[in-house]
Amino acid sequence: MRVRKWRRLVTLRETILSVRHNWDGYREKIKTAKDNEVYKLVVEIFPEILSSSVKSGRSLIFKGSTGAGNITKAPWIATFDPAITKHATEGFYVVYLFSVDMQRLYLSLAFGTTQFGYFKLSERHRKLRESARHLQALLKYPRPVFLDALDLSAKKGDRLHADYEQSNIAAIEYDLNDLPGDGELIADYAYMLELYRHLVRHPLLPDLQQLFEAVVEPEQQTAPEVKPFAVREAIEKRKGAGGKRDTRRSKVSKKVGDRGEDIVFNYEREKLASWGLDVNEVRWLAREGETPGWDITSMNQAGEKIFIEVKSSVGSAVSGLIVTANEWQAAVKYGASYHVYVVTNAMHGKATIEIIQDPAKLVEAGHVTISEAAWALSLYPATVIPKVSDVELIEER
């Protein structure tokens with residue numbers, strides 16, 4: 001039966017209850033089954049009903065899932081603002097979450113939990129709630145909502161749903177044995193979309209990486225592992241793959257950046273000491289407020305100056321870096337004396353430093369690739385330097 005015919009016959013309430021009543025039988029199949037009624041309800045019908053309830057002019061993505069490959073413990077149906085995210089592992093979104101025992105349903109404003117896998121279980125849940133509370137403080141609630149961790153009846157082995165419980169920002173809870181009518185359900189959905197709209201438009205909203213980094217605390221530092229840059233193998237485009245997935249690049253938090261620079265600063269001082277050179281030749285320029293195009297000035301074994309730009313990540317690997325125009329100009333100017341130190345696992349006790357010497361030469365040789373991530377557009381001709389009075393006049397208009 002085609003989706004359009006089903007759409008005329010079912011309401012949101014009927015869809016929710018049909019999923020609930022037939023879920024256990026569907027789960028017995030182990031693997032997702034696209035021809036199954038429950039799959040079609042979750043993946044096709046439920047999102048279509050939500051889409052039809054939204055006023056025109058809203059650009060949203062509606063997606064339901066019963067699992068990828070294996071059937072998940074309980075289904076979810078999410079609404080994404082594509083300017084923020086298109087995936088349940090990233091960003092912020094509105095999502096219907098069924099409890100594992102199919103007794104409750106939550107309509108939740110939530111955030112992706114993937115980055116928080118960095119933490120061990122007990123600490124991860126504490127950090128998720130800490131992050132949720134930070135986001136809750138950005139919102140006002142015209143009507144009561146559920147602000148605590150959800151109860152999805154997640155057991156010890158239900159890691160995904162246990163994390164979903166903790167990533168709730170605000171929710172409406174339903175008893176599936178006493179589900180309200182369609183009018184109330186649709187009104188609730190419209191209300192949560194309005195909260196979502198206010199959240200994603202808030203001027204102080206952090207992106208998910210910033211939110212995660214804000215709750216990461218550095219472990220006691222030991223000597224880092226240091227290795228030279230290894231040329232990567234080219235990544236082949238998969239056959240039949242479409243356009244590349246959108247990437248939201250965010251500047252690393254100051255806390256993580258400072259941690260990485262501290263690791264490199266201490267490493268360089270110890271290195272010079274082992275060579276019998278003056279450790280005071282190592283200068284942490286970024287800490288002193290200087291921005292010549294690198295963060296730290298040090299020396300090589302011959303006593304020649306080298307210039308080090310530090311890039312830091314809490315993760316164990318990076319596939320690309322953001323380089324400013326100032327940094328790239330310095331890289332081109334100083335050639336073999338210019339180094340990029342990539343610090344991974346920056347907040348762990350033992351970080352890794354990968355040293356990239358002369359990145360400009362590596363680009364020229366085709367070993368790495370550089371492309372324009374953004375352009376700075378001045379609103380004045382190159383020969384015009386605005387006076388303060390001119391700027392004030394423009395602002396007063």
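Biologist: Is R126 buried, partly exposed or exposed, and what is its relative accessible area?
Modeller: Happy to start there, with the reminder that this is a predicted model. Partly exposed covers the range between 20% and 50% relative accessible area. R126 falls in that range and counts as partly exposed, because its relative accessible area is 47%.

Biologist: Which residue forms a salt bridge with R126?
Modeller: Look along helix α4, where R126 and its partner both lie, three residues apart, about one turn of the helix. The closest N and O atoms of the pair are 3.8 Å apart, within the 4 Å cut-off. The partner is partly exposed, with a relative accessible area of 31%. The residue is E123.

Biologist: How many residues apart are D163 and R124, which form a salt bridge?
Modeller: Their closest N and O atoms are 3.0 Å apart. The pair links distant parts of the chain, with D163 in helix α5 and R124 in helix α4. Both D163 and R124 are buried. Along the sequence, the separation is 39 residues.

Biologist: What is the N to O distance between D158 and K73, and how many residues apart in sequence are the parts that this pair ties together?
Modeller: The two side chains meet in a salt bridge at 2.2 Å, N to O. D158 lies in the loop between α4 (121-136) and α5 (159-166), and K73 in the loop between β1 (61-65) and β2 (76-80), so the pair ties together parts that are 85 residues apart.

Biologist: Of D158 and K73, which is buried?
Modeller: Buried means under 20% relative accessible area. K73 is at 31% and therefore counts as partly exposed. With a relative accessible area of 5%, the buried residue is D158.

Biologist: How many salt bridges does a search of the whole structure find?
Modeller: The pairs above, including D158 with K73, belong to that search. Some salt bridges share partners, and these join D101, R104 and D151 into one network. For the whole structure, the number found is 17.

Biologist: Turning to the rings, is the pair of W294 and F307 stacked, tilted or edge-to-face?
Modeller: A pair of aromatic rings is described by the distance of the centres and the angle of the planes. W294 and F307 have their ring centres 4.5 Å apart and their planes at 50°. Planes under 30 degrees apart would count as stacked and over 60 as edge-to-face. The angle falls in between, so this pair is tilted.

Biologist: Where does F307 lie?
Modeller: F307 is buried, with a relative accessible area of 11%. Its partner W294, also buried at 9%, sits in the loop between β7 (283-284) and β8 (296-299), 13 residues away. F307 itself lies in strand β9.

Biologist: Which residues form one aromatic cluster?
Modeller: F116 and F119 are a good place to begin, as they form a tilted pair, 6.4 Å centre to centre with 35° between the planes. Both F116 and F119 are buried. The full cluster is F111, F116, Y118, F119 and F212.

Biologist: Which residue has its charged end over the ring of F265?
Modeller: The cut-off for such a contact is 6 Å from the ring centre. The charged end in question sits 5.2 Å from the centre of F265. It belongs to R287.

Biologist: Finally, what is the area of the nonpolar surface patch made by L377, L379 and Y380?
Modeller: L379 is found in the loop between α10 (359-365) and α11 (388-396). L379 is exposed, with a relative accessible area of 74%. Together with L377 and Y380, L379 makes a patch of about 380 Å².

Notes: Residues are numbered from 1 along each chain as its sequence is written. This is a predicted model: local features need pLDDT of at least 70, side-chain atom pairs count only at pLDDT 80 or more; totals for chains, interfaces and linings use all residues. Side-chain values use heavy atoms; hydrogens and water are left out. Patches are made of residues with over 30% relative accessible area and no salt bridge: like charges are joined within 9 Å, nonpolar side chains (Val, Leu, Ile, Met, Phe, Trp, Tyr) within 5 Å. Accessible areas come from the Shrake-Rupley method with a 1.4 Å probe; for residues, only the protein chains shown count as cover. Helices (H or I, at least four residues) and strands (E, at least two) are DSSP runs, numbered from the N terminus. Buried means under 20% relative accessible area, exposed over 50%, partly exposed in between (1.4 Å probe, protein chains only). Rings of Phe, Tyr and Trp (its six-membered ring) pair if their centres lie within 6.5 Å; planes under 30 degrees apart count as stacked, over 60 as edge-to-face and the rest as tilted. A charge sits over a ring if NZ of Lys or CZ of Arg is within 6 Å of the ring centre and within 35 degrees of the ring normal.
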